[in-house]
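Dear colleague,

I am handing over the structure we spoke about, so that you can have it open while you read. Below it you will find what was found, set out region by region.

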Amino acid sequence: MGKTFNLTRREDGIAILTMDVPGETMNTLKAEFGPEISEILSEIKRDSSIRGLVLISGKKDSFVAGADISMLDACQTAGDAKALSQQGHVVFNELEALNIPVVAAIHGACLGGGLELALACHQRVCSDDGKTMLGVPEVQLGLLPGGGGTQRLPRLVGITTALDMMLTGKQIRPKQALKMGLVNDVVPQTILLQTAVEMALAGKQIAKPVKKSLVNQLLEGTGFGRNIIFDQAAKQVAKKTQGNYPAPAKIIDCVRQGIAKGMQKGLEVEASHFAELVVSKESEALRSIFFATTEMKKETGAEGATPRKVKKAVILGGGLMGGGIASVTTTKAKIPARVKDINEKGLSNALSYAYKLLDKGVKRRHMTPAARDNLMALMTTTTEYKGVKDADIVVEAVFEDLALKHQMVKDIERECGEHTIFASNTSSLPIGQIAQAASRPENVIGLHYFSPVEKMPLVEVIAHAKTSPETIATTVAFARKQGKTPIVVQDGAGFYVNRILALYMNEAAQLLLEGQSVEHLDKALVKFGFPVGPITLLDEVGIDVGAKISPILEKELGERFKAPAAFDKLLSDDRKGRKNGKGFYQYGAASKKKAVDETVYGVLGIKPGVDKEMSAVAERCVVQMLNEAVRCLDAGIIASPRDGDIGAIFGIGFPPFLGGPFHYIDTLGADNLVKILERYQTQYGDRFEPCQRLKAMAAEKARFF
């Protein structure tokens with residue numbers, strides 16, 4: 001293996017230290033670099049001709065993307081993890097203690113350990129490029145910045161700003177970074193190195209105090225004020241994480257102790273907390289998601305098939321879904337999209353939907369009006385099949401009506417080329433049934449987006465028996481360009497995500513009819529770790545949509561999918577949820593705070609009774625989902641437990657800290673899950689019967705991973 005760090009000396013006395021990890025596209029920090037850096041630092045100390053040092057990356061588009069995550073998985077104990085953090089502290093302290101000026105020249109991703117490296121330098125300059133992003137995203141992996149970040153960041157940008165960065169993991173753009181004092185200068189990439197050299201030649205500068213808002217000045221300036229900041233942060237974190245994620249509280253503690261007791265103590269606390277988090281089951285689960293998604297990016301979705309290039313897309317239907325799909329196609333994938341709808345109203349909806357989303361970027365100054373208009377120009381509209389002949393893919397987002405979808409397939413085969421892919425965004429109709437109308441069924445595939453399209457990361461790519469591998473690979477690549485995480489699932493009613501969701505929702509409905517209150521049900525599942533409760537979700541998706549899907553699932557998959565009959569009463573009372581302002585919750589101007597519409601109990605003919613233990617309420621809904629996920633794996637609907645975990649986390653917000661349904665079953669133990677299901681089966685009937693595969697796994701004490 002070649003060297004990662006190369007030191008070159010310039011005639012003006014400035015040395016350039018270039019980091020370039022051999023054979024990798026991005027720089028990541030690895031434990032084995034420690035000795036190499038220390039050796040270079042002592043060489044610099046010995047050489048009196050070196051007047052300053054500039055740190056720069058040898059990679060085209062990234063500074064340092066963070067620490068190498070697989071290094072953490074290699075830690076056997078908390079002691080191993082602590083040693084890693086302490087080794088980072090030693091090297092970064094040495095760098096900071098150099099008596100010559102050290103300047104970091106940043107272009108591209110400067111994240112996690114990469115930003116901590118830059119913080120150990122005396123000054124930072126970054127390029128004004130769109131690829132340049134600074135941040136400490138460790139919290140997203142259930143960790144904290146373990147290379148001194150919890151100590152140096154608050155001292156540089158202030159406690160409030162630093163906590164905000166560390167607790168959200170958000171990425172900061174160059175202009176923001178300059179404003180908050182994270183970098184000393186922002187320049188075009190062409191003069192980045194030259195500027196860094198000039199900064200080094202100018203000698204060590206006293207950092208200008210960061211401009212803080214008056215409130216923050218008052219709060220951060222006194223011990224009493226700082227305590228208010230930490231207590232508020234702790235409260236917000238507890239509310240947001242429901243106590244399910246240990247990292248945020250530990251981040252606050254590191255900063256609190258470091259500010260109160262000094263840098264040395266702060267670093268000790270940081271190393272200990274970091275070590276505990278590395279070996280926690282939450283971080284292990286979150287890292288497994290990171291590895292799974294990274295691995296999936298390398299797969300085409302169809303063994304041996306090469307995706308065809310998509311140069312133009314057509315979207316059928318300008319409704320909420322159609323508008324969203326057209327928007328991510330033009331703005332994220334930068335692929336021209338032609339929206340076809342039967343009336344002009346649908347088309348103007350789709351255009352204004354995309355415009356609103358882009359304009360947010362302009363208002364936040366992330367984008368120029370010209371850039372917005374250029375992206376808008378990629379979207380065109382038509383009420384007839386004009387300008388669609390050269391489409392590589394057509395995404396259909398019309399009503400859930402089989403006859404209508406058959407008509408669309410025929411129209412597209414008549415109007416487009418022989419290779420045009422017909423992708424249906426159906427949420428429940430089997431793709432095989434839609435393909436029955438096609439003369440080229442190999443081009444027909446399902447592409448199921450979740451609402452709202454621009455926010456939900458998952459899409460299900462659904463292959464039926466005759467879909468060609470090339471069609472699968474092309475569709476997967478297209479979804480990825482739209483910024484989505486695609487999972488390939490086999491055809492079947494409800495596919496994967498809606499199928500496991502349906503039983504969970506039905507069980508929540510049963511609990512409601514047994515007298516659990518709407519708030520209690522929702523609270524119980526948010527406490528368990530879902531982003532929203534099942535009843536809120538039903539209002540958001542639409543009670544009418546749920547009512548349409550249930551009979552399809554029941555017909556194809558059997559009795560256990562039967563929705564409670566009482567729910568018909570909601571529709572006869574014209575309750576569709578948020579979309580018509582009438583559901584389980586109150587909507588409209590008057591309802592500032594989310595409140596239940598108490599009249600809903602009368603409509604259903606029930607009276608809320610005594611609330612059961614939250615954990616019991618959550619368990620009953622969740623075990624239904626787990627059991628069905630295993631059935632889907634058994635039936636080959638999903639290819640692997642990994643895909644099942646990613647689908648549930650990205651598609652319905654299954655709690656990420658549990659790692660997904662299959663990781664969670666491993667944690668519970670298949671034998672325990674079978675016992676729980678059998679107990680419910682005796683109490684509530686056969687909808688809880690554990691599936692064969694679970695019983696077999698319980699008998700053999702087998703695991704998925």
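**Methionine 321 and helix α14**

Methionine 321 lies in helix α14, and please keep in mind from the start that this is a predicted model. With a relative accessibility of 21%, methionine 321 counts as partly exposed, because buried means under 20%. If neighbours within four places in sequence are left aside, methionine 321 is in contact with Ala397, Asn425, Tyr449, Phe450, Ser451 and Val453. Its C-alpha atom is separated by 8.7 Å from that of valine 398, although the two residues are 77 residues apart along the chain.

Helix α14 itself covers residues 320–331, and at 1.5 Å a residue its twelve residues should span 16 Å, which agrees with the 16 Å between its end C-alpha atoms. The helix is mostly covered, as ten of its twelve residues are buried; among them are Gly322, Ile325, Val328 and Thr331.

**Helix α3**

The same check can be made for helix α3 (residues 78–96), where 19 residues should span 27 Å at 1.5 Å a residue, and the end C-alpha atoms are indeed 27 Å apart. At the start of α3, a side-chain oxygen of threonine 77 comes to within 3.3 Å of the backbone nitrogen of glycine 79. Which residues of α3 are buried? They are Ala81, Leu84, Ser85, His89, Val91, Phe92 and Leu95. When you look at them, it may help to recall that an α-helix has 3.6 residues a turn, so residues three or four places apart point the same way.

**Domains and cores**

The chain is divided into domain 1 (5–279), domain 2 (313–491) and domain 3 (497–700), and the C-alpha centres of domain 1 and domain 2 lie 41 Å apart.

The largest nonpolar core has 92 residues, and those with the most contacts inside it are Tyr496, Leu512, Phe584, Phe654 and Leu694. Helix α26 (residues 614–634) gives the largest share of this core, namely eleven residues. Because domain 2 and domain 3 both give residues to this core, it lies between them. Apart from it lies another core, of 72 residues, which includes Phe5, Ile69, Met180 and Ala233. As general background, nonpolar side chains tend to be buried together in soluble globular proteins.

Tyrosine 496 is worth selecting in your viewer: leaving aside its neighbours within four places in sequence, its contacts include Glu460, Ile487, Val489, Ala629, Cys632, Pro661 and Phe662.

**Histidine 273**

Histidine 273 is found in helix α12 (residues 263–278). Is this histidine 273 buried or exposed? At 13% relative accessibility, histidine 273 counts as buried. Its side chain is joined to that of aspartate 253 by a polar contact of 2.7 Å. Not counting residues up to four places away in sequence, histidine 273 touches Leu144, Lys250, Asp253 and Cys254.

**Cysteines**

How many disulfides does a search of the whole structure find? The search finds zero. Cysteine 110, for instance, is in no disulfide, since the nearest cysteine sulfur, that of cysteine 126, is 8.6 Å away, whereas a disulfide needs a pair of sulfur atoms within 2.5 Å. Cysteine 110 counts as buried, at 0% relative accessibility, and cysteine 416 is buried too, with a relative accessible area of 6%.

With best wishes

Methods:
Residues numbered from 1 in each chain as written. Predicted model: local features only at pLDDT ≥ 70, side-chain atom pairs only at ≥ 80, totals over all residues. Heavy atoms only, no water. Helix = DSSP H or I, 4+ residues; strand = E, 2+ residues; numbered from the N terminus. Expected span 1.5 Å × (residues − 1). Buried < 20%, exposed > 50% of the residue type's maximum accessible area, 1.4 Å probe, protein only. Polar contact = N/O pair within 3.5 Å; in protein donor to acceptor, adjacent residues only side chain to side chain. Domains from an automatic or database assignment. Core = buried A, V, L, I, M, F, W, Y, C linked by side-chain atoms within 4.5 Å. Contact = heavy atoms within 4.5 Å.
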